[in-house]
Amino acid sequence: MALSPLLVEDRQVPLDATSDPPTLFDGTTRLYISYTCPFAQRVWITRNLKGLQEKIKLVPIDLSNRPAWFKEKVNPANKVPALEHNGKIIGESIGLIKYVDNNFDGPSLYPEDPARRDFGEEMLKYVDTTFIKSVFGSFKGDPAKDTESVFDHVENALQKFDDGPFFLGELSLVDVAYITFIQRFQVFLGEVFKYDIVVGRPKLAAWIAEMNKMVAYTQTKTDSEYVINFFKKFIVNSERVFEAVWHMTWVDYD
């Protein structure tokens, strides 16, 4: 699959409680994100892979000091990601990456083959219902033991199709959905728990290496130091953060 040429962008200052809103519903397609939110990052990567940087404008939001107008005028759920398109707001990251893939130009990020599509749907369901929650839950216990089954599930899934290093052979939305969390988990578990998630998992190691070759993804990555400090706060504030993750949202700290 030939990817679209990548426009490398400078990061704009996030809008906060003191910021005026953009001119809403003026025909501009806007993607509201937080630079540190892995759910929003999924849609950001999808936009980049499809070469839509000039068609979908990024609007970064400061989650620790959100503007009141964001909830009042953009997304009543008060969370990112949110896409302003054709006079409506669309949310929820898995639904949004599919929406962007289906409704905008650029290379398709989902295969036509029914078997691969069915497996892709299984993996997209697994990432949010089981994988993410299992790993976050392990932070209060023994991650190496408590996450063995879910990381092994990912390793086995990467062996399903042998015509490429990705979940469905070629790069797809499934890879986008997993990488934003696996990158964070690899950094944090390795630094804090000395647990290397790729040991004994060669397919996972090769997949991470392939993803790291893509500027469409790497330019969206969150700094490792931020990830480590954020997840350390997760352990201290585990009830608050786990509740947010359970409902597929993201929190930030002052």
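In the predicted model, the contacts of Arg-42 beyond its neighbours within four places in sequence are with Ser-93, Ile-94, Ile-97, Val-127, Asp-128, Ile-132, Val-176, Ala-177, Thr-180 and Phe-181. Arg-42 itself belongs to helix H1, which spans residues 38-49, and with a relative accessibility of 0% this residue counts as buried. One of its contact partners, Ser-93, is also joined to Arg-42 by a polar contact between the two side chains, at 2.8 Å.

Phe-181, which likewise appears among the contacts of Arg-42, takes part in an aromatic pair as well. Over the whole structure, 23 aromatic pairs are found. In the pair formed by Phe-39 and Phe-181, the ring centres are 5.0 Å apart and the planes stand at 65°, so the arrangement is classed as edge-to-face. Because Phe-39 is placed in helix H1 and Phe-181 in helix H7 (residues 173-192), this pair ties together parts of the chain that are 142 residues apart in sequence. Both partners are withdrawn from the surface by the accessibility criterion: Phe-39 is buried with a relative accessible area of 1%, and Phe-181 counts as buried at 0% relative accessibility.

Aromatic rings are also found beneath charged side chains. Arg-11 lies over the face of Tyr-35, at 5.0 Å from the ring centre, while Lys-160 is placed over the face of Phe-119, at 5.3 Å from the centre of that ring.

The largest nonpolar core comprises 79 residues, and those with the most contacts inside this core are Phe-131, Phe-167, Tyr-178, Phe-185, Leu-204 and Trp-207. The element that gives the most to the core is H7, with twelve residues. For Phe-185, when residues up to four places away in sequence are not counted, the residues touched are Phe-131, Ile-132, Val-135, Phe-136, Phe-139, Phe-151, Gly-190 and Phe-231.

Phe-151, one of the residues touched by Phe-185, is among the buried residues of helix H6 (residues 148-157), which are Val-150, Phe-151, Val-154, Glu-155 and Ala-157. These residues cover an arc of only 165° around the axis and are therefore on the same side of H6. In general, an α-helix has 3.6 residues a turn, so residues three or four places apart point the same way. The buried residues of H6 pack against helix H4 (114-138), H7 and helix H8 (202-211).

Two further residues, outside the helices discussed above, illustrate pairings that are distant along the chain. Gln-53 is located in the loop between H1 and strand E2 (57-60) and, at 7% relative accessibility, counts as buried; its C-alpha atom is 8.3 Å from that of Glu-9, although the two residues are 44 apart in sequence. Gly-27, by contrast, is exposed, with a relative accessible area of 71%, and is placed in the segment before strand E1 (30-33). The C-alpha atoms of Gly-27 and Gly-87 are separated by 7.3 Å, the residues being 60 apart along the chain.

With respect to the chain as a whole, eleven helices and four strands are assigned, and 52% of its 254 residues count as buried. Among contacts between residues at least 6 apart in sequence, 73% join residues at least 24 apart.

Notes: Residues are numbered from 1 along each chain as its sequence is written. This is a predicted model: local features need pLDDT of at least 70, side-chain atom pairs count only at pLDDT 80 or more; totals for chains, interfaces and linings use all residues. Side-chain values use heavy atoms; hydrogens and water are left out. Helices (H or I, at least four residues) and strands (E, at least two) are DSSP runs, numbered from the N terminus. Buried means under 20% relative accessible area, exposed over 50%, partly exposed in between (1.4 Å probe, protein chains only). A polar contact is a pair of N or O atoms within 3.5 Å; within protein, one must be able to donate a hydrogen and the other to accept it, and residues adjacent in sequence count only if both atoms are side-chain atoms. Contact means heavy atoms within 4.5 Å. Rings of Phe, Tyr and Trp (its six-membered ring) pair if their centres lie within 6.5 Å; planes under 30 degrees apart count as stacked, over 60 as edge-to-face and the rest as tilted. A charge sits over a ring if NZ of Lys or CZ of Arg is within 6 Å of the ring centre and within 35 degrees of the ring normal. A nonpolar core is a set of buried Ala, Val, Leu, Ile, Met, Phe, Trp, Tyr and Cys residues joined through side-chain atoms within 4.5 Å. The arc is that of the directions from the helix axis to the C-beta atoms.
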